[in-house]
Structure formats: C-alpha cells, structure tokens
Amino acid sequence: MHEIYEFDWSSIPGALPYLMHGMVISLEITASAVIFGIVWGTLLAMMRLSSISPLSWFAAGYVNLFRSIPLVMVLLWFFLIIPHLLETIFGFPRGTDLRFGSAIAGFALFEAAYYAEIIRAGIQSVPKGQISAANALGMTYGQGMWLVVLPQAFRNMVPLLLTQAIILFQDTSLVYVSALADFFGAAYKVGDRDGRLVEMLLFAGAVYFIICFAFSQLVRYYQKKLKVA
Amino acid sequence: MGYHWNWGVFLQPSATGSDTYLGWMISGVEMTVALSLSAWVIALLLGAVVGVLRTVPSNVLSGFARAYVELFRNIPLLVQLFIWYFVLPELLPVSLGNAYKQSNPVVQQFLSAMLCLALFTSARVAEQVRSGINSLPRGQKNAALAIGFTLPQTYRYVMLPMAFRLIVPPLTSEFLNILKNSAVCSTIGLLELTAQGRQLLDYTAQPYESFIAVTLAYLLLNTVVMFGMRWVEARMRVPGYIGSK
C-alpha cells in the first residue's frame, strides 16, 4: 500500500483535442458575453443617468436585481426554466438544444449589470464641462454622449472592463451546471471517465491560472502606460 | 398557457415526509447563512494577515503574500471548490484521507465549501486591507516610527485601526459576494439555498414557484445584509473623510 498518492498524467495528451474544443466554447461564451454585456451595460448606464425617471428606475432595478442573485441561480433559470417558457411561447420542438444560446444569454444579461456600474462610474468621471461644451457647440445629447463623453469615459475604463472580462472567463466554468462541455466540463468528464479526476482538476486549475495571470499582468502593464500618457 | 400555478405547494408535506417544502427552503437559507458566516470569519482573519504581509518591507514576505493573492484570484471558484472536495482528500496521507472520506458526507461538503470560500475571499480581503494601508498618509507610519514604536506596534496601534475603518464599505460588499458565491457549493451536493431550489423543482414539479421563491429568498438575504452594512458603515465612518457626515 502506498502512503502517498501516485500521479498519472497519461490521460491528458490524448484528451487535448477534446479539451481544446472545450476551451473554444469557453472563449466563445466569454467573448460574446463581453460584447453584449458592454453594449447592454452602456445602454443601462445611460438610462440610469438619464433625467427620464422611468428609464432610470428601470435601469436601477435591473442592475440591483442581477447584482443580488448568484450567477449560478441566474444560469439555472436560463437552463431549466427559460427554455421551457420559450418552448411554450414559440412552439420550439421539444428537446431543442438551447443550452449554448441560454448560456450566452444568461452570462450577457448578468454581466451587463456589472458592466453598467463600471460604465456609469466611467461616465461620471468625465468633467461636466465637457457636456456643456458639446451643447454649446450645438451638439445634440446623443452626439455629445457618443462623440465627446463616451470616448473619454471608455479610455479610463478599459482596465476595469478587461479585469471584468477575466472574471467572466473564470465564471464561464459555471456552465458546468448545464453539463455543457466547456473547458472545465471537458476536463471533468475526461477525469471522471479515466478515474483520474485528481490530475485533470489540477491540470484545469493550472491552465486557468496561466491564462488569467498572464492576461491580468497585461492589463496591469496597460494600466501603467495609461497613467503615464 | 396551461401552467397551473400553485403557491400552496410550499405548505404541503415534502416527499421525505418529515417536513414541508417551505421547511426545505428555510433549511437552505440556514445552510447558506451558516456557510457564508463561517467562511467570512476565516476570510477576514487570513485576509488581514496576508494584506499586512503585502505591505511589510520584506521582499520574501510580501512576495509570498502576492503569490497567495494571485493564486486564489486567478483560478475559477468552481475549480478551487472541486480541488478542495475531490483532490485534497486523495493527496492527504492515506490513513488521514480515508478517515476523512469515511466521515459524514455533509461534514465533508461543508468543510470543503467553507475552506474554499474562505481562502478565495481571503485573497480579495487581503487586497482591500493592502489598499487601505496604502491609502494612509505616509506621515502616520513615519511619525509612529519616529516616536519609537517598533514596526509591529506601528501596525497594531497606528495603521491597522485606521485602515480597517476605511475599508469597511468594500469589506461588507465582499460579504455580499461570499453570500452569492456560496451558491457555487450546490455543485458538490451541499444542500444550501440553490440546491434546495433544484430539489424543490424536481419534487414539486412547480418550476416557476420554486425558482421564484429561491430568487426572492436571495433578494431578501441581500437586503438584510445591506441594511446591516449601512448600520456598521455609519458607526465606523472616520470623521473628516469623504463619505462621512
């Protein structure tokens, strides 16, 4: 009997194509959720700052709602409840695989609430005089926002938005609850199949660490450059 | 569209007989709160130590603290949880590992979940502590050292009491995070609120009621914590700083 666990990493090389495929799914979910999240988050932030109270209430309610619910719960809504609802309303044939679409929608709507707060703070950090100047030049509200305020706000926000993207990439592992084979799901399945869960989980952790650490160092470097400029 | 709403389902006796479905919800809330609170205490203690280490004038200690923070920040919570739950017992010496595996499964789940949440959050607390210490005017440290305090005394009597009061708002929002992150622990079978929600869905066949009830329970927990936070923040505010009234 061995007192110490004996590692056996031999299931990793053969599983690499499957793991890569999982990584592509993770990255696809991340990228689409970042893009939709930033677009919807920008709209929410502008609504929240707008002087039309119903819009601002709606945005505040949306952001607070999504920020109070765990992501796992949101994903379960999107995997277990919403597909049924859509089936009944739109008459999709039963058993249509909506998991990938659900995952993207769930992440995008959830992350938009977090992006909205980052973007709101970014917009508020632009001096008021900029809007007055835009108005004085005869720009409409939309033009002033689009051409003057948002470009400056986004420049300051880039590091925070990227950091949020790293968090989102880590959070994509939670699609595990839908049994969708993203990178983590793939690693878990391989480990479970070969009885090598220990090695596969450590391997998955190492891969996530390398990617996230490298990317966060890049963000930090960029942030320093931004400060100097 | 044919969906039969039935909120009364929560008062029906549950499938296991000894309880109502509402009782399941309540035990889920209790588990979520117990898990979050116990993990929070450990996270605060560990985070304070690691955060202080990040600011001390010693490359070895601050390097160790930085590695600690980066390690726990750059691995997804779910992966960390699975490593605590599935990997750690295997890596322990066999006799110890076996004893652990033979213990009550609920205890195993709870311990893994608590350790996981505690260490994950401690890295984030450490960053808050560090930024709190770094935000103090440098003169405070220099003045303390100049009047003959040792470095540990400077931390204990001058810097930490100030720094902790300054970082109360971000720390309390970390508690909200731990509450939400605890939902991840449903994946290892711990019967906290989210897991109870899934059970409710399976047993009652009333998906909307089950999920709406669990979502409302999270909103309620959040609201309670937020009001608690406001009270603590008002008491801890440092006069003369922005945000104090």
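This report describes chain B of a two-chain model, its contacts with chain A, and one helix of chain A.

The structure is a predicted model, in which local features need pLDDT of at least 70, side-chain atom pairs count only at pLDDT 80 or more, and totals for chains, interfaces and linings use all residues. Residues are numbered from 1 along each chain as its sequence is written, while chains are lettered from A and ligands numbered from 1 in the order in which they are written.

The model scores ipTM 0.90 and pTM 0.90. Confidence in each residue is given as pLDDT, the predictor's own value from 0 to 100, and the table collects the values for chain B.

| Part of chain B | Mean pLDDT |
|---|---|
| Whole chain B | 91 |
| Helix H4 (residues 94-102), lowest | 85 |
| Helix H2, highest | 96 |

Chain B has ten helices and zero strands, where helices (H or I, at least four residues) and strands (E, at least two) are DSSP runs numbered from the N terminus. Its C-alpha atoms fill a box of roughly 75 × 55 × 30 Å, taken along the principal axes.

Of the 245 residues of chain B, 35% count as buried; a residue is buried if 20 or more other C-beta atoms, placed from the backbone, lie within 10 Å of its own, exposed if 12 or fewer, and partly exposed in between. Pro57(B), in the loop between helix H1 (21-55) and helix H2 (59-73) of chain B, is exposed because 7 other C-beta atoms lie within 10 Å.

The largest nonpolar core, a set of buried Ala, Val, Leu, Ile, Met, Phe, Trp, Tyr and Cys residues joined through C-beta atoms within 7 Å, has 109 residues, and Leu81(B) and Ala113(B) touch the most other members. Helix H5 (residues 105-134) of chain B gives the most to this core, with 13 residues.

Two residues are in contact if their C-beta atoms, placed from the backbone, lie within 7 Å, and in this sense 31 residues of chain B are in contact with 32 residues of chain A. The elements of chain B that give two or more residues to this side are helix H3 (77-91), helix H9 (193-204) and helix H10 (207-236).

In chain A, the twelve residues of helix H7 (residues 183-194) should span 16 Å at 1.5 Å a residue, and the end C-alpha atoms are 17 Å apart, which agrees; the expected span is 1.5 Å times one less than the number of residues. Among the buried residues of H7(A) are Phe183(A) and Tyr188(A).
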